[in-house]
Amino acid sequence: MAQKPTRDIFGIIFKNFWNSLRPRQFRGNYIGEDYFGNKYFEIPANPAIGKRKSSRWFEPADKDAFDQELTAEWEAWLRGRREEPPTREELVKNLQIMDMKKRNAAELDATYAKAKDEKAMPKQVEGQTIGTFPKYKDYEFIPGRDPPENK
């Protein structure tokens, strides 16, 4: 016959204290690696000890790189926007799509680059440089002073 749950406060306190002495997991489980060489780890959630959310992190390939690049799929997994880590097939497929888009953009840029250069604005307008306001004879240059005399 199963033991009935205890209702006495000292039993509950002792049980919680005893459970708190159990060793916890400090090293994460290896989950995967991306094509940059970053390794991803996770300590799963354990509601029995009050840990409702899993801990996820990565170790960069270059330990000194503070601005390490991450793939979008792994970043979504790290931030908890997706439950399952990305598969190698998914990463390869998305990398191929990214390369195809880069090639298409380069082709379009090469095709339309000449037309864009012909329609470009002139670098300098006669009498003024780019970035200054136009000067008209009818308006004053300094507020409060008379407009310059027409010569």
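Here is a short dialogue on how to read this predicted model.

Q: What kind of model is this, and how are residues numbered?
A: It's a predicted model, where local features need pLDDT of at least 70, side-chain atom pairs count only at pLDDT 80 or more, and totals for chains, interfaces and linings use all residues. Residues are numbered from 1 along each chain as its sequence is written, and side-chain values use heavy atoms, with hydrogens and water left out.

Q: How many helices and strands does the protein chain have?
A: Helices (H or I, at least four residues) and strands (E, at least two) are DSSP runs, numbered from the N terminus. In the protein chain you'll find 3 helices and 3 strands. Starting at the N terminus, the order is α-β-β-β-α-α.

Q: What share of the residues in the protein chain is buried?
A: Buried means under 20% relative accessible area, exposed over 50%, and partly exposed in between (1.4 Å probe, protein chains only). Here, 12% of the 151 residues are buried. The accessible surface of the protein chain (Shrake-Rupley method, 1.4 Å probe) is about 13900 Å², and carbon and sulfur atoms hold 55% of that.

Q: How does the length of helix H1 compare with its expected span?
A: The expected span of a helix is 1.5 Å times one less than its number of residues. H1 covers residues 9-20, so its 12 residues should span 16 Å, and the end C-alpha atoms are 17 Å apart, which agrees.

Q: Is H1 mostly covered or hardly covered, and which residue caps its N-terminal end?
A: H1 is hardly covered, as 0 of its 12 residues are buried. The cap is Asp8, with a side-chain oxygen 3.1 Å from the backbone nitrogen of Phe10.

Q: Which strands pair up, and in what sense do they run?
A: Two strands pair if DSSP finds at least two bridges between them. E1 (residues 29-33) and E2 (residues 39-43) run antiparallel and are joined by 4 bridges. They make a hairpin with 5 residues between them, and Gly37 in the turn has a positive phi of about 100°. Across the pair, Gly32 sits opposite Tyr40, while Tyr30 sits opposite Phe41. E2 also pairs with E3, again in the antiparallel sense, over 5 bridges. There, Glu42 has Arg56 as its bridge partner.

Q: How many residues of E2 are buried, and where does Ser55 stand?
A: E2 is mostly covered, with 4 of its 5 residues buried. Ser55 belongs to strand E3 and is partly exposed, since its relative accessible area is 28%. Contact means heavy atoms within 4.5 Å. Beyond its neighbours within four places in sequence, Ser55 contacts Phe41, Glu42 and Ile43.

Q: Which residues form the largest nonpolar core?
A: A nonpolar core is a set of buried Ala, Val, Leu, Ile, Met, Phe, Trp, Tyr and Cys residues joined through side-chain atoms within 4.5 Å. The largest one has 5 residues: Tyr40, Trp74, Trp77, Leu78 and Leu91. H2 gives the largest share, 3 residues. Setting aside neighbours within four places in sequence, Leu78 contacts Tyr40, Arg56, Trp57, Phe58 and Leu70.

Q: Is Thr71 buried or exposed, and what does it touch?
A: Thr71 lies in the loop between strand E3 (55-59) and helix H2 (72-78). Its relative accessible area is 4%, so Thr71 is buried. Not counting residues up to four places away in sequence, Thr71 touches Asp34, Tyr35, Phe36 and Leu91.

Key
A polar contact is a pair of N or O atoms within 3.5 Å; within protein, one must be able to donate a hydrogen and the other to accept it, and residues adjacent in sequence count only if both atoms are side-chain atoms.
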